[in-house]
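Here's a quick briefing to read with the model open in your viewer. Take the overview first, then dip into the bullets by topic.

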Amino acid sequence: MSMVWMYLKVFLVGGALCAIGELLTLLTKLTPARILVCYILTGVVLSAAGWYGPLVKFAGAGATVPLTGFGHALCQGVLFSVQESGLIGAFTGGLAATAGGISAAVVFGALVALCFKPRSK
């Protein structure tokens, strides 16, 4: 597979997911927080149904970087942990699978808060 085709798939799928979010923001009264939650839940539901995995195989980072990919990672972590640990895995698997992303968000959020002066809009 050529590298250009790979980048094109990533760009088109990731761009389509972001464009849908932008359209939801512009055309509905949904708040960004509600759209975020809807995207994560959509990723969880599609992953649990077995439909998001093929999209990840096709588009790679175009499907794993947007918020739906975070929901997919949560779901896969829970499914794997439940198989390994039983019911307790339902509570620990999602966090274990996404700990790197959560930690990065906290660290970079703290760094930005230290570097810039917050102000009200």
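You're looking at 6 helices and 0 strands, in a model that is predicted. Walk along the sequence and the pattern reads α-α-α-α-α-α. Two topics get most of the room below: how α1 packs with α3, and which residues make up the largest nonpolar core.

**Overall numbers**

- The C-alpha atoms fit in a box of roughly 45 × 40 × 30 Å, taken along the principal axes.
- The protein has 121 residues, and 22% of them count as buried.
- About 8,700 Å² of the protein is exposed, with carbon and sulfur atoms supplying 76% of that area.
- Take the contacts between residues at least 6 apart in sequence: 53% of them join residues at least 24 apart.

**How α1 and α3 pack**

- Helix α1 covers residues 3-27 and helix α3 covers residues 52-59; their axes sit 8 Å apart, at an angle of about 135 degrees.
- Why call the pair oblique? An angle of about 135 degrees falls outside the ranges for roughly parallel (under 35), roughly perpendicular (65 to 115) and roughly antiparallel (over 145), so oblique is the label that is left.
- On the α1 side, the contact uses Lys9, Val10, Val13 and Leu17. On the α3 side, it uses Tyr52, Leu55, Phe58 and Ala59.
- Sort those residues by class and you get 7 nonpolar, no polar and 1 charged.
- Zoom in on Ala59 of α3: leaving aside neighbours within four places in sequence, Ala59 is in contact with Lys9, Val10 and Val13.

**The largest nonpolar core**

- Which residues build the largest nonpolar core? There are 6 of them: Val13, Leu17, Tyr52, Val56, Ala59 and Ala63.
- Helices α1 and α3 each put in at least two residues.
- The biggest share comes from α3, which gives 3 residues to this core.
- If you're tracing overlaps, Val13, Leu17, Tyr52 and Ala59 are among the core residues, and these four also turn up in the contact of α1 with α3.

**Leu12, on helix α1**

- Leu12 is placed in helix α1.
- Is Leu12 buried or partly exposed? Its relative accessible area is 48%, so Leu12 counts as partly exposed.
- Leu12 and Gly62 are 50 residues apart in sequence, yet their C-alpha atoms are 7.5 Å apart in space.

**Phe80, on helix α5**

- You'll find Phe80 in helix α5, which spans residues 67-85.
- With a relative accessible area of 53%, Phe80 is exposed, because the cut-off for that class is over 50%.
- Phe80 and Gly93 are 13 residues apart in sequence, and C-alpha to C-alpha the pair is 7.1 Å apart in space.

**Ala97, on helix α6**

- Ala97 belongs to helix α6, residues 89-115.
- Ala97 has 43% relative accessibility and so counts as partly exposed.
- What does Ala97 touch, not counting residues up to four places away in sequence? Ala73 and Gly77.
- Ala97 and Gly69 are 28 residues apart in sequence, with 12 Å between their C-alpha atoms.

Methods
Residues are numbered from 1 along each chain as its sequence is written. This is a predicted model: local features need pLDDT of at least 70, side-chain atom pairs count only at pLDDT 80 or more; totals for chains, interfaces and linings use all residues. Side-chain values use heavy atoms; hydrogens and water are left out. Buried means under 20% relative accessible area, exposed over 50%, partly exposed in between (1.4 Å probe, protein chains only). Contact means heavy atoms within 4.5 Å. Accessible areas come from the Shrake-Rupley method with a 1.4 Å probe; for residues, only the protein chains shown count as cover. Axes are lines fitted to C-alpha atoms, for helices over the stretch in contact, and angles run from 0 to 180 degrees between N-to-C directions. Ala, Val, Leu, Ile, Met, Phe, Trp, Tyr, Cys and Pro count as nonpolar, Asp, Glu, Lys and Arg as charged, and the others, Gly among them, as polar. A nonpolar core is a set of buried Ala, Val, Leu, Ile, Met, Phe, Trp, Tyr and Cys residues joined through side-chain atoms within 4.5 Å.
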